Amino acid sequence: MNILTNIINLLSDDSKPLTSSFLQIKVLASRLQNTQLLEWVNKELSGYNKGDSIPEYRICTSLLMGNYLNGNTECKNHPFALLGLDAKIKDILEHVDFFNGIGALESFVLKNENLQIAVPTEVLELINDLYRQKGNPYFSAYSVYKSVTIDQIKQITTNIRNTALDLILSLENEFGYEIELNELIKKRDEANSIIQNIINNSGNNNIINIGNNNNQKGNL
């Protein structure tokens, strides 16, 4: 079986781990000497660094939740209203950037549980000040976290799979499903041109977006 067909078979079967297909895409990128594709594959496999930008499909909305006391009343796992916070801080608290490698993302999916992502202790004071200014002098939050649903994590892995599949299918459409790797290498320039066109024309600041300081919501 040729490499394109093998990769397509792996990517189109969502019971197969993404790691298997991405390792083969890594071989393909290396043989084609396509450094941009290779860098994207390596980032998806190993995870992005905190200083990296990340593709838009790795940014999720989140709900800020936590536990608090208000006088004699205690509420647990309750969402916090953020109206009145600085817009930049509010935006950070309402989004999560996922830098994890695809193996870790798929591990989250297998657990089939919503994620609770810790936030800095400074956020507690921001929330307490916000609610007290709104007329709740006895309000006291004592734990806060960002909540992301398991369906959102599943959507990230689906988007990664779909992005890679679109790219490999474009190569197959151009060169045929029977082409062997050694023949594809001989057509390296043409193949890389197709890959580059896909990258440049896919919107959302390109499907492979791994420069610095793009598409980042930031961190507290």
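Is Glu44 buried or exposed? Glu44 is buried, with a relative accessible area of 0%; "buried" is shorthand for under 20% relative accessible area, "exposed" for over 50%, and "partly exposed" for anything in between (1.4 Å probe, protein chains only). Keep in mind that this is a predicted model, where local features need pLDDT of at least 70 and side-chain atom pairs count only at pLDDT 80 or more, while totals for chains, interfaces and linings use all residues. Residues are numbered from 1 along each chain as its sequence is written, and side-chain values use heavy atoms, with hydrogens and water left out.

**View 1. Arg58 and Glu44 make a salt bridge.** A salt bridge here is a side-chain nitrogen of Lys or Arg within 4 Å of a carboxyl oxygen of Asp or Glu, and by this rule the count comes to five. In this one, the closest N and O atoms of Arg58 and Glu44 are 2.7 Å apart. Glu44 belongs to helix α3 (35-46) and Arg58 to the loop between α3 and β1 (59-61), so the pair ties together parts that are 14 residues apart in sequence. Those labels come from DSSP runs, numbered from the N terminus: helices are H or I with at least four residues, strands are E with at least two. Like its partner, Arg58 is buried, with a relative accessible area of 0%.

**View 2. Lys90 pairs up with Glu94.** Look for the closest N and O atoms of this salt bridge, 3.1 Å apart. Lys90 is partly exposed, with a relative accessible area of 25%. Glu94 is partly exposed too, again with a value of 25%.

**View 3. A salt bridge joins Glu106 to Arg161.** Here the closest N and O atoms are 3.6 Å apart. The pair links distant parts of the chain, with Glu106 in helix α5 (residues 102-111) and Arg161 in helix α7 (residues 150-175), 55 residues apart. Both Glu106 and Arg161 are buried.

**View 4. Helix α5 has a buried side and an exposed side.** Ile102, Leu105 and Glu106 are the buried residues of α5. They cover an arc of only 95° around the axis (going by the directions from the helix axis to the C-beta atoms), which puts them on the same side of α5. Swing over to the other side of α5 and you'll find Leu110 and Lys111 exposed. The buried residues pack against α2 (18-31), α3 and α7. Just after α5 comes Asn112, with a positive phi of about 55°.

**View 5. Helices α5 and α7 cross at roughly 140°.** Their axes come within 9 Å; axes are lines fitted to C-alpha atoms, for helices over the stretch in contact, and angles run from 0 to 180 degrees between N-to-C directions. That makes α5 oblique to α7, since angles under 35 degrees count as roughly parallel, over 145 as roughly antiparallel, 65 to 115 as roughly perpendicular and the rest as oblique. Contact, meaning heavy atoms within 4.5 Å, involves residues including Phe108 and Val109 of α5 and Ile153 and Thr157 of α7.

**View 6. Helix α1 (residues 3-11) packs with α7.** The angle is about 150°, and the axes are 10 Å apart. The two helices are therefore roughly antiparallel to each other. Among the residues that meet are Leu4, Ile8 and Leu11 in α1 and Ala164, Ile168 and Glu172 in α7.
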